[in-house]
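This report describes a predicted model of a protein–DNA assembly, beginning with the DNA contacts and ending with the contacts between the protein chains.

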Number of protein chains: 2
Amino acid sequence: MDAVFHALGDATRRHMLRDLAGGERTVGQLAAPFAISLAAASKHIKALEHAGLIRREVRGRTHVCRLEPGPLAAAHAWLGFYERFWTDRLDALDRILRAEDATRSQDKETTDE
Amino acid sequence: MDAVFHALGDATRRHMLRDLAGGERTVGQLAAPFAISLAAASKHIKALEHAGLIRREVRGRTHVCRLEPGPLAAAHAWLGFYERFWTDRLDALDRILRAEDATRSQDKETTDE
DNA sequence: TCCATGCTTAACCGATTGGTTGAATATAGC
DNA sequence: GCTATATTCAACCAATCGGTTAAGCATGGA
């Protein structure tokens with residue numbers, strides 16, 4: 001779990017994962033969008049691999065990477081434990097707003113980020 | 001997002017968050033379970049605060065911390081993007097079929113705290 | 001066979017991390 | 001006012017991080 005969240009804690013690696021959501025990518029393809037050396041990209045990919053987030057298949061001289069969703073599911077589940085805190089809060093906010101608006105016409109949904 | 005995942009990438013801080021799920025905790029209370037100095041715990045708490053994961057209220061000489069679920073919800077949503085990768089049956093079948101090439105069955109389950 | 005390609009490894013660098021200890025700050029209670 | 005308590009701040013340390021450049025390995029293709 002340490003390795004998973006650590007791997008996700010870098011924008012470059014998160015971008016690579018998003019890229020891999022579109023299908024298989026070689027190391028070179030993953031590195032292309034970034035203004036970093038191939039060696040640096042290789043390290044990022046190794047970090048993702050170490051976290052179990054991707055799997056690598058050596059095909060000739062190219063290394064093809066695939067998304068490995070297991071650890072993402074685990075992280076999602078870990079965060080899911082706290083779901084009640086933001087749903088509770090939204091519920092509480094909802095109750096407050098409804099109570100305040102008891103004398104008013106209503107229905108303003110705020111979905112903020 | 002960088003700060004959020006980075007904060008989550010440390011077992012001590014994750015443990016502190018779990019603790020805070022039980023309600024308000026002072027800095028001392030959060031630090032207690034760990035064999036680290038109060039100064040080290042203070043840094044961890046500052047990292048959580050910097051990520052927006054907790055809020056601090058200074059009450060007299062004690063600092064009371066409270067869980068702030070917003071960033072957790074954001075991280076959860078970010079991971080949710082990949083949900084189809086672990087729930088989509090067709091994708092799972094695809095992975096199995098591709099795994100035949102590697103002639104390798106890989107069963108890696110990570111059960112973390 | 002020779003060379004370009006795809007990628008990794010090694011050595012290095014500056015910044016950050018997680019930890020320490022010791023001093024400082026502020027409040028609570030006698 | 002004095003002292004214990006709660007916590008931060010500052011300086012320091014070793015380890016890790018993200019990046020570089022240069023070299024090394026395989027592989028693919030003419």
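Which element gives the largest share of the surface near DNA strand C? That share, five residues, comes from α4(A).

## Basis of the model

The model is predicted: local features need pLDDT of at least 70 and side-chain atom pairs count only at pLDDT 80 or more, while totals for chains, interfaces and linings use all residues. Residues are numbered from 1 along each chain as its sequence is written, chains are lettered from A and ligands numbered from 1 in the order in which they are written, and side-chain values use heavy atoms, with hydrogens and water left out.

## Architecture of chain A

Chain A contains six helices and three strands; helices (H or I, at least four residues) and strands (E, at least two) are DSSP runs numbered from the N terminus. Along the sequence their pattern is α-α-β-α-α-β-β-α-α.

Of the 113 residues in chain A, 36% are buried. Buried means under 20% relative accessible area, with exposed meaning over 50% and partly exposed in between (1.4 Å probe, protein chains only). Contacts are heavy atoms within 4.5 Å; among those in chain A between residues at least 6 apart in sequence, 52% join residues at least 24 apart.

## Surface near DNA strand C

A residue is near a strand if one of its heavy atoms lies within 4 Å of it. Around DNA strand C there are 24 residues, of which G28(A), S42(A), R56(A), K43(B) and H44(B) come nearest. By class, this surface has seven nonpolar, nine polar and eight charged residues. Here Ala, Val, Leu, Ile, Met, Phe, Trp, Tyr, Cys and Pro count as nonpolar, Asp, Glu, Lys and Arg as charged, and the others, Gly among them, as polar. On the DNA side, 68% of the strand C atoms within 4 Å of the protein belong to sugar or phosphate, and the rest to bases.

Polar contacts are pairs of N or O atoms within 3.5 Å; within protein, one must be able to donate a hydrogen and the other to accept it, and residues adjacent in sequence count only if both atoms are side-chain atoms. A side-chain N or O atom of R61(A) lies 2.8 Å from a base oxygen of DNA strand C. Phosphate oxygens of this strand lie 3.2 Å from a polar backbone atom of H63(A) and 3.0 Å from a side-chain N or O atom of R13(B). Two or more residues of this surface come from each of α3 (27–31), α4 and β3 (62–67) of chain A, and from α4 of chain B.

## Surface near DNA strand D

DNA strand D is likewise surrounded by 24 residues, and K43(A), H44(A), G28(B), S42(B) and R56(B) come nearest. Of its atoms within 4 Å of the protein, 67% belong to sugar or phosphate and the rest to bases. The residues of this surface comprise seven nonpolar, nine polar and eight charged.

A polar side-chain atom of R61(B) is 3.1 Å from a base oxygen of DNA strand D. Phosphate oxygens of the strand are approached by a polar side-chain atom of R13(A) at 3.0 Å and by a polar backbone atom of V27(B) at 3.3 Å. The elements giving two or more residues here are α4 (38–50) of chain A and α3 (27–31), α4 (38–50) and β3 (62–67) of chain B. Of these, α4(B) gives the most, with five residues.

## Interface of chains A and B

The size of an interface is often given as the accessible area lost when the parts come together. Chain A and chain B bury about 3400 Å² between them, 65% of it on carbon and sulfur atoms; buried area is the accessible area (1.4 Å probe) lost on putting two parts together, summed over both. R18(A), H76(A) and W78(A) supply 19% of the area that chain A buries against chain B, more than any other three residues. In terms of contacts, 32 residues of chain A meet 35 residues of chain B.

Two salt bridges cross the interface, a salt bridge being a side-chain nitrogen of Lys or Arg within 4 Å of a carboxyl oxygen of Asp or Glu. The side chains of R14(B) and D2(A) form a salt bridge with an N to O distance of 2.7 Å. Eight residue pairs are in polar contact between the chains (both at pLDDT 80 or more). On the side of chain A that touches chain B, α1 (2–8), α2 (11–20), β3, α5 (70–80) and α6 (83–100) each give two or more residues. The largest share, eight residues, comes from α5(A).

## H76(B) at the interface

H76(B) lies in helix α5 (residues 70–80) of chain B. This residue is buried because its relative accessible area is 12%. Its side chain makes a polar contact of 3.3 Å with the side chain of H76(A). Not counting residues up to four places away in sequence, H76(B) touches H76(A), L79(A), G80(A), E83(A) and W86(A).
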